[in-house]
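The following briefing introduces selected features of one structure to a reader who has not met it before. Please keep the sequence and the model in view while reading.

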Amino acid sequence: MNPNTLFEKLWSRHAVTDTEDGQTLLYIDLHLINEVTSPQAFDGLRSHGLTPWRAASVLATADHNVPTKDRHKGISDDIARRQVETLERNCAQFNLTLFDMGDQRQGILHVIGPEQGFTLPGMSIVCGDSHTTTHGAFAALAFGIGTSEIEHVLATQCLSMKKLKTMRVSVDGKLNQHVASKDVALALIAGIGTAGATGFAIEFAGSAVEAMTMEARMTLCNLAIEAGARCAMVAFDDTTCAYLRSKPMAPTGRAWEAAERYWRTLHSDAGAIFDVHIELDAEAILPHVTWGTSPEMVLDLEGRVPFPDEEADPVKRQGIERALEYMGLLPGTAIRDIYLDKVFIGSCTNSRIEDLRLAAAIVEGKTIARNIKQALVVPGSGLIKQQAESEGLDAIFIRAGFEWRDAGCSMCLGMNEDRLQAGERCASTSNRNFEGRQGPGGRTHLVSPAMAAAAAIAGHFTHVQEV
């Protein structure tokens, strides 16, 4: 047998048949559903007199629109409330698993899937959300889909898709202190751009990736979509195994033993050929901060905002000029001289217990800077919130001047009350920084939890050691 990449193994295991138009019909193991992208799909089922092919494969929760403050008062926005109520009705009608707002397990789909053990190695996983790439950290084939595809998967348990090319991103060496997997992802995007991995499945590998926790690997895969990749993955290993053993939905007993034997095969074979191979030196990666309106507009902490005149490509030059105008920055401004109005720690990228522990350790015994109008900490799930409170992390944040909230997507995309006002500048642990992402006119700088915590204390971007 020829050596295969991890992607090729996952693809062939889920391939039902190849079609005449060059596509492959894939079987889908796990379907994650939220309140924003699913209503039309359920309407489609009803209009065609269909029911979900395998209801047990669906996990649903409301995460985009849910309030993170005073949740007991309900949802004040009419549209948001209708979307959440519609999800509840659809799940009840079709007997689908739903973690509603009153359930302690409710949270962001890309957090609760792994947390509960719904996400398992070897699976094919889809969701109407592009950051489904997160689940690939478990050696799974995971990617976002559109509304019509949601209906198709609900009705048939299958999805037609063109096979992707493969890209191996090897990160070797040891990451420096306070450099996170978020910085690794941003360094990759800085190098290849937001379209550099379009049409590819990325496999992250190398000694630095092998040394990462599962939570760090999830962050890495989460951001692969920002490089254009359709999916991303990390090989199964002892770290994956240890993380899954305690999860409620993970197999047990003999089923675990059988599953683990298969999971141990989920890696690229020696000699497997990738279409593209990129190498990163872990020790050369510094903390990163985005300065513009795209994740590829990013520099390390020692950088300066670029001068448009130095860009030869007229299209790129125009893009830099527009970004600088929107962001209210002057060419040549040092990243460390960018002062902030708000700080947001949360999102499917960085809202897990590891992220909160790291941020809390940095702000403990300190107070946020006077120029910081608001600093939010939004756990990724109710269970993470509960765990953080049992460790006293909430008290640390509150004493420092942060607001401690309930689980949800929150200010990542500003679909609830948590959003930026026009002109406000935010250090955010989320994943996107395009114009208006966190609120109309809001200015977003993507950073790691450590960098966000340090910026909250200093009032501007700075090295963690300096606070």
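Just after helix α12, G365 adopts a positive phi of about 80°. The model is a predicted one. Helix α12 itself covers residues 353–363, and the points below begin there before turning to two sheets and to one buried acidic residue.

**Helix α12 and the residue that follows**
- Within α12, the residues I353, D355, L356, A359, A360, I362 and V363 are buried.
- The positive phi of G365, about 80°, falls just after this helix.

**The five-stranded sheet**
- Five strands form an open sheet in the order β5-β4-β3-β6-β7, and their pairing is parallel.
- The edges are held by β5 (97–99) and β7 (141–144); each has a single partner strand, so one side of each is left without a neighbour in the sheet.
- From one strand to the next, the twist averages 20°.
- Strand β3 (residues 30–33) is joined to strand β6 (residues 124–127) over three bridges in the parallel sense.
- H31 has V126, in β6, as its bridge partner.
- Helix α4 (residues 109–116) lies across β3, β4 (58–61), β5 and β6.
- The direction of α4 is at about 130° to β4.

**The three-stranded sheet**
- A further open sheet consists of three strands in the order β1-β2-β8, with antiparallel pairing.
- Its edge strands are β1 (15–18) and β8 (158–161); because each has a single partner strand, one side of each is left without a neighbour in the sheet.
- On average, neighbouring strands of this sheet are turned by 25° against each other, direction ignored.
- Strand β2 (residues 24–27) pairs with β8 in the antiparallel sense over four bridges.
- L25 stands opposite S160, which belongs to β8.

**The buried residue D63**
- D63 is located in the loop that runs between β4 and α3 (78–94).
- Although D63 is buried, it has no salt bridge.
- The nearest side chain of opposite charge is that of R71, 9.9 Å away from D63.
- What does the side chain of D63 reach at 3.1 Å? The partner is the backbone nitrogen of L109.
- Neighbours within four places in sequence aside, D63 is in contact with N34, E35, Q106, G107, I108, L109, G408 and C409.
- L109 thus appears both in that contact list and as the residue whose backbone nitrogen the D63 side chain reaches.

Technical notes: Residues numbered from 1 in each chain as written. Predicted model: local features only at pLDDT ≥ 70, side-chain atom pairs only at ≥ 80, totals over all residues. Heavy atoms only, no water. Pairing = 2+ DSSP bridges. Axes fitted to C-alpha atoms, helices over the stretch in contact; angles between N-to-C directions. Contact = heavy atoms within 4.5 Å. Buried < 20%, exposed > 50% of the residue type's maximum accessible area, 1.4 Å probe, protein only. Lys, Arg positive; Asp, Glu negative; His and termini not counted. Salt bridge = Lys/Arg side-chain N within 4 Å of Asp/Glu carboxyl O. Polar contact = N/O pair within 3.5 Å; in protein donor to acceptor, adjacent residues only side chain to side chain.
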